[in-house]
Amino acid sequence: MTNRDHDLHLLTGAYALDALDGDERALFERHLARCASCQEEVRGLCETAARLAMGTAIQPPPAMRQRVLAAAARTRQLPPEGRVLPLLNANQTVWRRLTRPLTMAAVTAVAAVIVVLLVFQVSTWNQLRATQARGQAVAAVLSAPDARIQAGRTSVGGTVTAVVSASRHEAVVTTAGLPALSGNRVYQLWVITQAGARSAGLLPGAPTSVLADGVSSAAKLGITVEPAGGTARPTTTPIIVLPAQA
Amino acid sequence: MNGPTADQQPQPGPGHTEGGGQDLAGLLARVARGDHAAFEAVYDQIAGQVYGIVRKVLRDPAQSEEVAQEVMLEIWQAASRYDPDRGGAAAWAMTIAHRRTVDRVRAETAATERVRKLAPGPVTGDDVAELVETALDRQRVRRCMGALTALQAEAVKLAYYGGYTYPQVAELLGIALGTVKTRIRDGLIRMRDCMGVAS
């Protein structure tokens with residue numbers, strides 16, 4: 001564990017209390033995505049933080065109930081996603097801020113448009129563009145002047161697309177059409193270098209993406225099927241290996 | 001939330017929050033499939049908690065209602081993304097509620113460049129009717145808060161109920177950034193162990 005990682009690990013408490021500002025939150029979430037022990041701790045501390053809220057319950061204004069139920073009746077729901085990336089929260093925050101001055105009707109319309117876009121996304125590039133809002137970190141990779149796209153089919157079907165920025169040593173990895181796994185198996189992303197394979201996090205279902213760092217130009221990106229929760233080292237043959245640089 | 005009260009005997013361990021959480025998880029699964037009746041039941045179960053924490057942090061009743069509505073609508077929209085393996089249903093809802101609330105606080109602070117002057121503390125006001133079932137939860141929180149050092153408790157409360165970032169907490173308490181980071185983490189870990197949250 002490097003000093004920087006150690007410092008980041010100390011932020012688990014502040015993160016659980018939502019006491020990080022946007023930039024630091026994004027930084028921590030990137031660390032979180034590849035730190036199994038942090039995930040464990042954050043889960044428990046978030047649960048604890050939630051208990052702090054439970055002692056504060058008060059009667060909401062009676063009219064609120066009808067307003068919420070009416071709004072729900074005209075609001076389309078989000079499709080299941082398997083596992084929500086922490087990065088997505090940043091996205092929702094940005095989205096909410098953008099839409100805050102709008103009326104509820106406009107928000108509903110925007111939500112409907114987003115759902116339609118998600119359903120009808122036809123090209124991988126569009127998918128990658130959509131991930132831009134997911135956080136400055138992701139956007140920085142996608143908009144890096146030296147961003148290059150690597151793509152391929154996996155041995156089990158479906159495609160994997162990586163946008164790699166050599167100067168940032170980062171990659172944004174998106175999957176499409178990977179077969180669904182049973183509840184106790186997950187897809188795990190690895191950054192493979194001469195030093196070995198390092199986990200870059202678990203891959204939720206499409207159309208979300210994962211940000212991998214430490215991607216040198218000589219590195220490769222690999223995906224394996226692992227037990228739920230992921231593993232420290234790959235235990236199965238990769239279903240795909242993509243070079244960071246063609 | 002001002003320290004422990006020795007005269008009260010709260011029930012530690014699984015209380016109604018966990019029991020309710022079970023039920024709530026089942027309801028959320030139905031909500032995810034578009035079941036409006038289930039959403040009404042979810043509303044009745046958690047709207048008080050959602051509104052309570054939003055109001056505790058934001059204070060302003062009109063703003064609190066607005067944010068609480070947004071949170072309830074987000075719960076409707078995102079019900080399919082609740083994963084029981086990753087924690088309790090009530091905790092999931094509270095996490096959304098608190099996150100959206102501090103988002104609002106930060107947006108306002110950024111917009112106005114003004115630091116909120118009021119020190120955090122319990123919401124008071126004649127229009128605030130506390131829910132009966134809240135008492136047990138509050139007792140437990142208070143008892144466990146009492147297990148923290150004064151500095152830990154203060155830092156946790158300023159961050160969570162005050163909606164401050166930890167650098168702001170450091171400034172308010174006049175202590176170093178690194179210190180506040182560790183105090184918050186240590187305090188929360190102690191709370192976790194005291195409240196019997198599985199880690």
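Me: A disulfide is a pair of cysteine sulfur atoms within 2.5 Å. How many disulfides does the structure hold over all chains?

Reply: This is a predicted model, where local features need pLDDT of at least 70, side-chain atom pairs count only at pLDDT 80 or more, and totals for chains, interfaces and linings use all residues; side-chain values use heavy atoms, without hydrogens or water. Residues are numbered from 1 along each chain as its sequence is written, while chains are lettered from A and ligands numbered from 1 in the order in which they are written. One disulfide joins Cys35(A) to Cys38(A), and Cys144(B) and Cys194(B) form another. Over all chains, the count is two.

Me: Is the disulfide of Cys35(A) and Cys38(A) right-handed or left-handed?

Reply: The S to S distance between Cys35(A) and Cys38(A) is 2.2 Å. Both Cys35(A) and Cys38(A) are buried (under 20% relative accessible area; exposed is over 50%, partly exposed in between, with a 1.4 Å probe and protein chains only). The torsion about their S-S bond is about 75°, so the disulfide is right-handed.

Me: How many residues apart in sequence are the parts that Cys144(B) and Cys194(B) tie together?

Reply: The sulfur atoms of Cys144(B) and Cys194(B) are 2.0 Å apart. Cys144(B) lies in helix α5 (residues 134–145) of chain B and Cys194(B) in helix α8 (residues 177–195) of chain B. Helices (H or I, at least four residues) and strands (E, at least two) are DSSP runs, numbered from the N terminus. So the separation in sequence is 50 residues.

Me: Is Cys194(B) buried or partly exposed?

Reply: Its partner Cys144(B) is buried, at 0% relative accessible area. Cys194(B) has a relative accessible area of 22%, so it counts as partly exposed.

Me: How far apart are the end C-alpha atoms of helix α3 of chain B?

Reply: α3(B) has 18 residues, 61–78. The expected span is 1.5 Å times one less than the number of residues, so it should be 26 Å. The model agrees: the end C-alpha atoms are separated by 25 Å.

Me: What is the strand order of the open sheet in chain A?

Reply: Two strands pair if DSSP finds at least two bridges between them. Seven bridges join β1(A) (residues 147–153) to β2(A), and seven join β2(A) to β3(A) (residues 170–176). β3(A) and β6(A) pair over five bridges. With antiparallel pairing, the order is β1-β2-β3-β6.

Me: Which strands of chain A stand at the edges of this sheet?

Reply: An edge strand here has a single partner, so one side of it is left without a neighbour in the sheet. The edge strands of chain A are β1 and β6 (209–213).

Me: Which residue of β3(A) stands opposite Ala162(A)?

Reply: Ala162(A) is in β2(A), where it is the bridge partner of Gln150(A). β2(A) and β3(A) form a hairpin with four residues between them. Opposite Ala162(A) in β3(A) is Val173(A).

Me: Which residue in the turn between β1(A) and β2(A) has a positive phi?

Reply: β1(A) and β2(A) form a hairpin with five residues between them. The phi in question is about 100°, and it belongs to Gly157(A).

Me: How many residues of β6(A) are buried?

Reply: Ser209(A), Leu211(A) and Asp213(A) point one way from β6(A), and Val210(A) and Ala212(A) the other way. The strand is largely enclosed by the rest of the structure, because the buried count is five of the five.
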